[in-house]
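Biologist: Got a minute to go through this one with me? Put it up and I'll ask as I go.

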Amino acid sequence: MERVKLSRKTAREVAMMMTYEKLFGCDDTYNDVLEKSGISDEPSAADIEYASRIVNGVQDNLDLIDEKIEQHSADWKISRMPKVDLSILRNAAYEIIFDNDMDNAITINEAVELAKIYCDTRSPKFINGVLGSLSRS
């Protein structure tokens, strides 16, 4: 049976879950998160590397990323943001600030799509606004 390669979209979804888990001191691997989420496809090495680069990049630049999110979040403090929203914002902010190979519009769109799945009904608009503002700055 041929294994299907996961997409960058799925790699971002897993990275969001990994970033979320780090808020609670959990260090699951990419494959651990896949197993918990019910995704059964085998990831490519590129998918794992991409997600790991995002998660590690967020952790390595957390203060700067949080500062940028707060600057663009219309007076919302990081401490008041729902944790899933924050995880999505951190990962996308990392990509916008540090990943010059990725189009910011794609990053923002995929962050909004994740918010539609995992967050409150108001979150996609909030996330779009914060990331749009960050992208323009």
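Biologist: At what angle do H5 and H6 pack, and how far apart are their axes?

Modeller: This is a predicted model, to say that early. The angle between H5 and H6 is about 170°, and the axes are 10 Å apart. That makes H5 roughly antiparallel to H6, because angles over 145 degrees count that way.

Biologist: Which residues make the contact of H5 and H6?

Modeller: From H5, Val84, Ile88, Ala92, Glu95 and Ile96. H6 brings Asn104, Thr107, Ile108, Ala111, Leu114, Ala115 and Tyr118.

Biologist: How do the residues of the contact of H5 with H6 divide?

Modeller: Nine are nonpolar, two polar and one charged.

Biologist: Now H6 and H7. At what angle do they pack?

Modeller: About 160°, with the axes of H6 and H7 8 Å apart. H6 is therefore roughly antiparallel to H7.

Biologist: What is the hand of the crossing of H6 and H7?

Modeller: Right-handed.

Biologist: Which residues meet there, in H6 and in H7?

Modeller: On the H6 side, Asn104, Ile108, Ala111, Val112, Ala115 and Lys116. On the H7 side, Ser123, Pro124, Ile127, Asn128, Leu131, Gly132 and Ser135. By class, the contact of H6 with H7 has seven nonpolar, five polar and one charged.

Biologist: And H1 against H6? At what angle do the axes cross?

Modeller: Roughly 60°. H1 covers residues 8–22 and H6 residues 104–118, and their axes come within 11 Å. That angle makes H1 oblique to H6. H1 passes H6 in a right-handed crossing.

Biologist: Which residues of H1 and H6 make the contact?

Modeller: H1 supplies Arg8, Lys9, Arg12, Glu13, Met16 and Met17. H6 supplies Ile106, Thr107, Glu110, Leu114 and Tyr118.

Biologist: How many charged residues has the contact of H1 with H6?

Modeller: Five charged, along with five nonpolar and one polar.

Biologist: Arg12 caught my eye. Is Arg12 buried or exposed?

Modeller: Buried. Arg12, in helix H1, has a relative accessibility of 5%, so it falls under the 20% cut-off.

Biologist: What does Arg12 touch, not counting residues up to four places away in sequence?

Modeller: Tyr50, Ile54, Glu95, Met102, Ile106, Thr107, Glu110 and Leu114. Glu95 is also one of the H5 residues in the contact with H6.

Biologist: Switching to rings. How many aromatic pairs does the count come to?

Modeller: Three. One of them is Trp76 with Phe126, and that pair is tilted. The centres are 5.7 Å apart, with 55° between the planes.

Biologist: Where do Trp76 and Phe126 lie?

Modeller: Trp76 is in the loop between helix H4 (62–71) and helix H5 (83–98). Phe126 is in helix H7, residues 123–136. The pair therefore ties together parts that are 50 residues apart in sequence.

Biologist: What is the relative accessible area of Trp76?

Modeller: 32%, so Trp76 is partly exposed. Phe126 also counts as partly exposed, at 22% relative accessibility.

Biologist: Stay in that loop between H4 and H5. What is phi of Ala74?

Modeller: Near 50°, a positive value in a residue other than glycine. Asp75 has a positive phi as well, near 70°.

Biologist: Why point that out?

Modeller: Because most residues other than glycine have a negative phi.

Biologist: Is Ala74 buried or exposed?

Modeller: Exposed, at 63% relative accessibility. Asp75 is exposed too, at 73%. Ala74 is in the loop between H4 and H5, and Asp75 is found there as well.

Biologist: Pro82 is in that loop too. How far apart are the C-alpha atoms of Pro82 and Ser123?

Modeller: They are separated by 9.1 Å, and the two residues are 41 apart along the chain. Pro82 is partly exposed, with a relative accessible area of 42%. Ser123 is among the H7 residues that meet H6.

Biologist: Last one, Lys68 in helix H4. What is Lys68 in contact with, leaving aside neighbours within four places in sequence?

Modeller: Ile97 and Leu134. Lys68 counts as partly exposed, at 26% relative accessibility. The C-alpha atoms of Lys68 and Tyr94 are 9.9 Å apart, and these residues are 26 apart in sequence.

Methods:
Residues numbered from 1 in each chain as written. Predicted model: local features only at pLDDT ≥ 70, side-chain atom pairs only at ≥ 80, totals over all residues. Heavy atoms only, no water. Axes fitted to C-alpha atoms, helices over the stretch in contact; angles between N-to-C directions. Helix = DSSP H or I, 4+ residues; strand = E, 2+ residues; numbered from the N terminus. Parallel < 35°, antiparallel > 145°, perpendicular 65-115°, else oblique. Left-handed = near helix turned anticlockwise from the far one by under 90°. Contact = heavy atoms within 4.5 Å. Nonpolar A, V, L, I, M, F, W, Y, C, P; charged D, E, K, R; others polar. Phe/Tyr/Trp six-rings, centres within 6.5 Å; stacked < 30°, edge-to-face > 60°. Buried < 20%, exposed > 50% of the residue type's maximum accessible area, 1.4 Å probe, protein only.
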